[in-house]
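Please open the structure in your viewer and keep the sequence at hand. The tour below goes from stop to stop, saying what to select and what is there.

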Amino acid sequence: MNYLQITHEDVCNGDGLRVVLWLSGCSHHCYNCQNPQTWNPDSGIPFDKSAKQEIFDELSKDYISGLTLTGGDPLYENNLDEVLKLVKEIRISFPEKTIWLYTGFEWNQIMNMQVMQPIFSCKDLESKIQNILKRQEIIKMCDVLVDGEYIDEQKDLTLKFRGSKNQRVIDVKKSLAQNKVVLYCD
Ligand code: SF4
């Protein structure tokens, strides 16, 4: 898994002051994406022990509210194993901190097990299902999910935490408890 940068004390990508991990790799290729340099999974540098330590050092500070995972798409297939490991460790080491995650996938696509791409074989289907299960597991450990592709025709600069009207800022725990999408904020 590669990443482009880690930003500190960020106030634009979630509530409070946050550490933000900008991951490489995105299959959505939205028209007028602000970060097309993140699409290639080989862009950036490998996410190694020192990058993880940098995030943990930030999360150790009282005034840091939590981690935001963005990119690129943290739920891009090549990122799933390492993102899953990372959020599990953060949940154990920093249970009081929040985790926000930005993805081009929609809540329903992941939670209702919709396979979005063509299937070429049983093995292919199995691997796509495994990826959806990993995405579900990651989301269940997050507090807030900002979902959906960026749609340029629905761009709205007044929106909080997102770029286009179709995207939603979802309260993960309430949504799971009520078995429907509950917004964290409008
Ligand atoms: S999902 Fe996000 S990073 Fe990926 S193309 Fe769309 S706007 Fe860009």
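Which residues come nearest to the ligand? Select the ligand and the 13 residues around it; Cys-26, Cys-30, Cys-33, Gly-104 and Tyr-150 come nearest. Colour this shell by class and you will find four nonpolar, seven polar and two charged residues. Keep in mind that this is a predicted model.

**The sheet**

Next, select the strands. Eight of them form an open sheet with mixed pairing, and the order across the sheet is β3-β1-β2-β4-β5-β6-β7-β8. Go to its edges, where β3 (45–46) and β8 (183–185) stand; each has a single partner strand, so one side of each is left without a neighbour in the sheet.

From β8, step to strand β7, residues 168–171. These two strands run antiparallel and are joined by two bridges. To see facing residues, select Val-169 and, opposite this residue in β8, Cys-185.

Continue to β6 (144–147). This strand pairs with β7 over four bridges, in the antiparallel sense. Here Leu-145 stands opposite Ile-170 of β7. With strand β5 (residues 98–102), β6 runs parallel, and three bridges join the two. One pair to display is Tyr-102 with its bridge partner in β6, Val-146.

Are the faces of β6 covered or uncovered? Both are covered: Val-144 and Val-146 are buried on one side, and Leu-145 and Asp-147 are buried on the other.

**Helix α2**

Now select α2 (80–93). Place a distance between the C-alpha atoms at its ends: they are 20 Å apart, which agrees with the 20 Å that 14 residues should span at 1.5 Å a residue.

Which residues of α2 are buried? They are Leu-80, Val-83, Leu-86, Val-87 and Ile-90. Turn the view to look down the axis of α2: the buried residues fall within an arc of 130°, so they line one face of the helix. An α-helix has 3.6 residues a turn, so residues three or four places apart point the same way.

On the other side of α2, select Asp-81, Ile-92 and Ser-93, which are exposed. To see what covers the buried residues of α2, show its surroundings; the cover includes α1 (49–59), β4, β5 and α4 (122–140).

**Backbone details**

The last stops concern the backbone. Most residues other than glycine have a negative phi, and most peptide bonds are trans.

Where is there a cis peptide bond? Select Gly-71 and Gly-72, which are joined by one with an omega of about 15°. Gly-72 is in the loop between β4 (64–70) and α2.

Move on to Glu-9, in strand β1 (residues 2–10). Glu-9 is not a glycine, yet its phi is positive, about 50°. Is Glu-9 buried or partly exposed? Glu-9 counts as partly exposed because it has 13 C-beta neighbours inside 10 Å, and a residue is buried only from 20 or more such neighbours.

Finish at Phe-161, in the loop between β6 and β7. Phe-161 also is not a glycine and has a positive phi, about 65°. With 18 other C-beta atoms within 10 Å, Phe-161 is partly exposed.

Notes
Residues numbered from 1 in each chain as written. Predicted model: local features only at pLDDT ≥ 70, side-chain atom pairs only at ≥ 80, totals over all residues. Near = placed C-beta within 6 Å. Nonpolar A, V, L, I, M, F, W, Y, C, P; charged D, E, K, R; others polar. Pairing = 2+ DSSP bridges. Buried ≥ 20, exposed ≤ 12 C-beta atoms within 10 Å, placed from the backbone. Expected span 1.5 Å × (residues − 1). Arc of directions from axis to C-beta. Contact = placed C-beta atoms within 7 Å.
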